[in-house]
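Work through the exercises below with the sequence and the model open side by side. Each task is followed by a solution in steps.

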Amino acid sequence: MPESLWAAVTPAGPELPQLVGAGQADVVIIGAGFTGLSTALHLREAGVDVAIVEAAEPGWGGSGRNNGQVIPTLTRPDPEDIIAKHGAAGERFVALLRDCASTLFDTARRYQIQAEQEQAGWIQPVHSPGRIKVAERRVRQWSKVGAPVEFLSREDVTKMLGSDAWFGGFWNRTGGHINPLALSRGLARAALDRGVRIFARSPASRFERRDNRWIVTTPQGEISGRALILATNAYTGEFEKQLAPAIAREVMPVRSWQMATAPLPEAARKTIIPGRQAMSDTHGELYFARYDARNRLVTGGALLGTDTEALKAAVGARLRRLWPEIGDVKFDYVWNGYVGMTTDFLPRIHRLGPDAYAWAGCNGRAVALSIAIGQELAKAAQGVPAQDLALPFTEPLPYVAHGLLRRLAPLMLMVYRRRDAAEIPDRPSGPPQPEHFVAWASNLRNRWRTS
Ligand SMILES: Cc1cc2nc3c(=O)[nH]c(=O)nc-3n(C[C@H](O)[C@H](O)[C@H](O)COP(=O)(O)OP(=O)(O)OC[C@H]3O[C@@H](n4cnc5c(N)ncnc54)[C@H](O)[C@@H]3O)c2cc1C
């Protein structure tokens with residue numbers, strides 16, 4: 001992968017050994033992203049002996065490549081959707097989600113992690129008049145559960161973002177942005193300092209239950225634990241297809257392109273998002289941007305092929321449309337990563353067996369959520385009963401024809417473009433779209449399996 005902005009500006013991570021030979025821990029975690037590291041830290045704080053096996057290095061996956069927006073909502077589902085689906089566990093999960101941005105900033109503070117964090121708030125501006133309903137619904141539902149959210153008028157958004165391209169918006173003051181690779185490496189250091197063992201360059205090829213223990217096998221070693229956490233998310237099938245095929249196939253890994261401009265001149269910085277909030281709008285082909293600590297705008301886009309020059313031209317033109325004062329846009333860094341999408345945009349959290357847990361399906365909104373889920377997975381691994389966890393457990397729900405759909409997934413961009421250009425009702429009632437068939441087939445299969 002080309003070097004990301006985060007890799008270029010972040011001090012190197014800790015030197016870590018590979019797993020060689022046989023080892024033991026009370027809890028073994030596979031994957032050193034935000035989920036695995038947060039779980040490990042919470043377990044260690046409770047005095048539990050923890051080891052992590054990581055295929056590459058801490059933060060190598062989504063956690064070190066993302067846009068760093070700290071967002072305390074899901075992509076589309078709102079509290080009522082979550083509670084309707086998961087009942088009391090859904091209510092606990094909504095509370096976890098409501099507080100997850102503050103949880104992230106508190107975590108960085110507690111472990112004194114310098115990750116260029118700015119709790120400047122998160123704005124979701126609305127890109128068409130009809131979609132104002134989306135912001136109104138979000139404000140109504142999140143206010144009901146005590147989240148510090150506000151509806152923004154068109155004038156508010158114009159003032160806050162420095163552009164009159166949007167029609168109103170949703171605003172949560174607890175959000176913000178971070179350098180995600182610095183946070184990943186900072187969490188890894190904090191975990192090591194407290195006695196967590198992290199084995200890097202040690203891809204797990206399988207995990208199995210033997211003699212009442214979980215055994216994780218890597219190319220040169222084997223480590224056993226009483227409990228197991230699979231924290232590989234959208235990268236579950238990346239190093240070993242057979243590691244957890246049902247979980248790998250329940251998320252669609254969609255490539256998301258990230259890019260960083262050259263630092264903006266001070267005059268432009270003062271008018272473009274002057275309050276330095278993180279912003280992601282209501283387009284399906286998402287418009288998003290935030291500043292880094294050097295006043296680069298970190299943004300991105302979607303691409304049908306791999307022509308990054310075409311992508312730079314398109315995203316540059318978009319930035320000029322939104323903020324003409326930006327002038328010629330030069331991108332210094334372009335990189336990408338996989339976002340794990342589920343059919344209904346809800347995360348999937350699983351029990352894999354006795355004392356073994358996993359989650360996947362970040363849907364591009366889980367920088368903060370994965371840190372918070374780590375806290376709950378740590379409780380689960382210590383035997384806290386399900387009714388006291390903010391984890392709505394479900395069975396894995398693999399996509400039907402995952403391999404084929406993965407190849408076709410980039411074409412969804414055309415659907416999103418068409419839909420973005422149209423004024424659609426809040427809850428689409430128009431002709432069925434390709435993802436509706438995928439969701440329908442997956443739901444049918446699920447019903448058949450549970451009946
Ligand atoms: C390009 C991009 C932009 C995004 N932007 C945002 C954003 O702005 N805001 C937001 O809220 N969310 C965003 N997300 C989502 C967010 O990054 C993820 O939700 C979050 O990082 C998930 O963390 P995780 O620890 O669960 O998974 P990951 O960080 O992906 O960690 C999984 C780890 O498992 C390891 N692994 C995989 N297989 C094995 C194996 N066999 N053995 C051992 N280790 C293995 C991987 O190497 C990896 O380190 C974005 C995601 C991407 C990709």
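**Exercise 1. The edge of the sheet**

Task: Determine in which sense S5 and strand S6 pair, and over how many bridges.

Solution. The model is predicted, and the steps below are read from its coordinates.
- Step 1. Locate strand S6 at residues 169-172; S5 pairs with S6 in the antiparallel sense, and the pairing runs over 4 bridges.
- Step 2. Take one bridge as a check: Glu150 has Trp171 in S6 as its bridge partner.
- Step 3. Look for the helix on this part of the sheet. Helix H5 (residues 132-144) packs there, touching strand S4 (122-125), S5 and S6. The direction of H5 makes about 160 degrees with that of S5.

**Exercise 2. The whole sheet**

Task: Give the strand order of the sheet and name its edge strands.

Solution.
- Step 1. The open sheet has 8 strands, in the order S5-S6-S4-S13-S14-S15-S12-S16, with mixed pairing.
- Step 2. Strand S5 (149-152) and strand S16 (331-341) each pair on one side only, and these are the edge strands.
- Step 3. From one strand to the next, the twist averages 20 degrees.
- Step 4. At the S16 end, S12 and S16 pair in the antiparallel sense over 10 bridges. One pair to find is Met259 with its bridge partner Val334 in S16.
- Step 5. Although S16 is an edge strand, it is mostly covered, with 10 of its 11 residues buried.

**Exercise 3. A polar residue in S12**

Task: Decide whether Gln258 is buried or exposed, and list what it touches.

Solution.
- Step 1. Place Gln258 in strand S12 (residues 252-261).
- Step 2. The relative accessible area of Gln258 is 5%. The cut-off for buried is under 20%, so Gln258 is buried.
- Step 3. Leaving aside residues up to four places away in sequence, Gln258 touches Arg65, Asn66, Asn67, Phe288, Thr299, Gly300, Tyr333, Val334 and Trp335.
- Step 4. The side chain of Gln258 also has a polar contact of 3.0 Å with that of Ser256.

**Exercise 4. Salt bridges across the sequence**

Task: For three salt bridges, find where the partners lie and how accessible they are.

Solution. Side chains of opposite charge can pair when their charged atoms come close. The structure holds 26 salt bridges.
- Step 1. Arg210 and Glu222 form a salt bridge, with their closest N and O atoms 3.8 Å apart. Arg210 belongs to strand S9 (residues 206-210) and Glu222 to strand S11 (residues 221-230), 12 residues apart. Arg210, at 36% relative accessibility, is partly exposed, and so is Glu222, at 30%.
- Step 2. Glu285 and Arg417 meet in a salt bridge of 2.9 Å, N to O. Glu285 is in the loop between strand S13 (278-280) and strand S14 (288-291), while Arg417 is in helix H13 (residues 412-421), so the pair ties together parts 132 residues apart in sequence. Glu285 is buried at 15% relative accessibility, whereas Arg417 is partly exposed at 38%.
- Step 3. In the pair Asp332 and Arg296, the closest N and O atoms are 2.6 Å apart. Asp332 lies in strand S16 and Arg296 in the loop between S14 and strand S15 (297-301), so this salt bridge ties together parts 36 residues apart in sequence. Asp332 counts as partly exposed at 30% relative accessibility; Arg296, at 10%, counts as buried.
- Step 4. To extend the search, look for the network of salt bridges that links Lys85, Glu250, Asp344 and Arg348.

**Exercise 5. Helix H7 and its two ends**

Task: Which residues of H7 are buried, and what covers them?

Solution.
- Step 1. Helix H7 (residues 180-193) has 14 residues and reaches 20 Å from its first C-alpha to its last, close to the 20 Å expected.
- Step 2. H7 is mostly covered, with 10 of its 14 residues buried. These are Pro180, Leu181, Ala182, Leu183, Ser184, Gly186, Leu187, Ala188, Ala190 and Ala191.
- Step 3. The cover over these buried residues includes helix H1 (5-9), helix H2 (34-45), helix H3 (62-65), helix H4 (79-110), strand S8 (197-199) and helix H11 (367-381).
- Step 4. At the N-terminal end, Asn179 caps H7: one of its side-chain oxygens lies 3.0 Å from the backbone nitrogen of Leu181.
- Step 5. After H7 comes Gly195, with a positive phi near 100 degrees.

Notes
Residues are numbered from 1 along each chain as its sequence is written. This is a predicted model: local features need pLDDT of at least 70, side-chain atom pairs count only at pLDDT 80 or more; totals for chains, interfaces and linings use all residues. Side-chain values use heavy atoms; hydrogens and water are left out. Two strands pair if DSSP finds at least two bridges between them. Helices (H or I, at least four residues) and strands (E, at least two) are DSSP runs, numbered from the N terminus. Axes are lines fitted to C-alpha atoms, for helices over the stretch in contact, and angles run from 0 to 180 degrees between N-to-C directions. Contact means heavy atoms within 4.5 Å. A salt bridge is a side-chain nitrogen of Lys or Arg within 4 Å of a carboxyl oxygen of Asp or Glu. Buried means under 20% relative accessible area, exposed over 50%, partly exposed in between (1.4 Å probe, protein chains only). A polar contact is a pair of N or O atoms within 3.5 Å; within protein, one must be able to donate a hydrogen and the other to accept it, and residues adjacent in sequence count only if both atoms are side-chain atoms. The expected span of a helix is 1.5 Å times one less than its number of residues.
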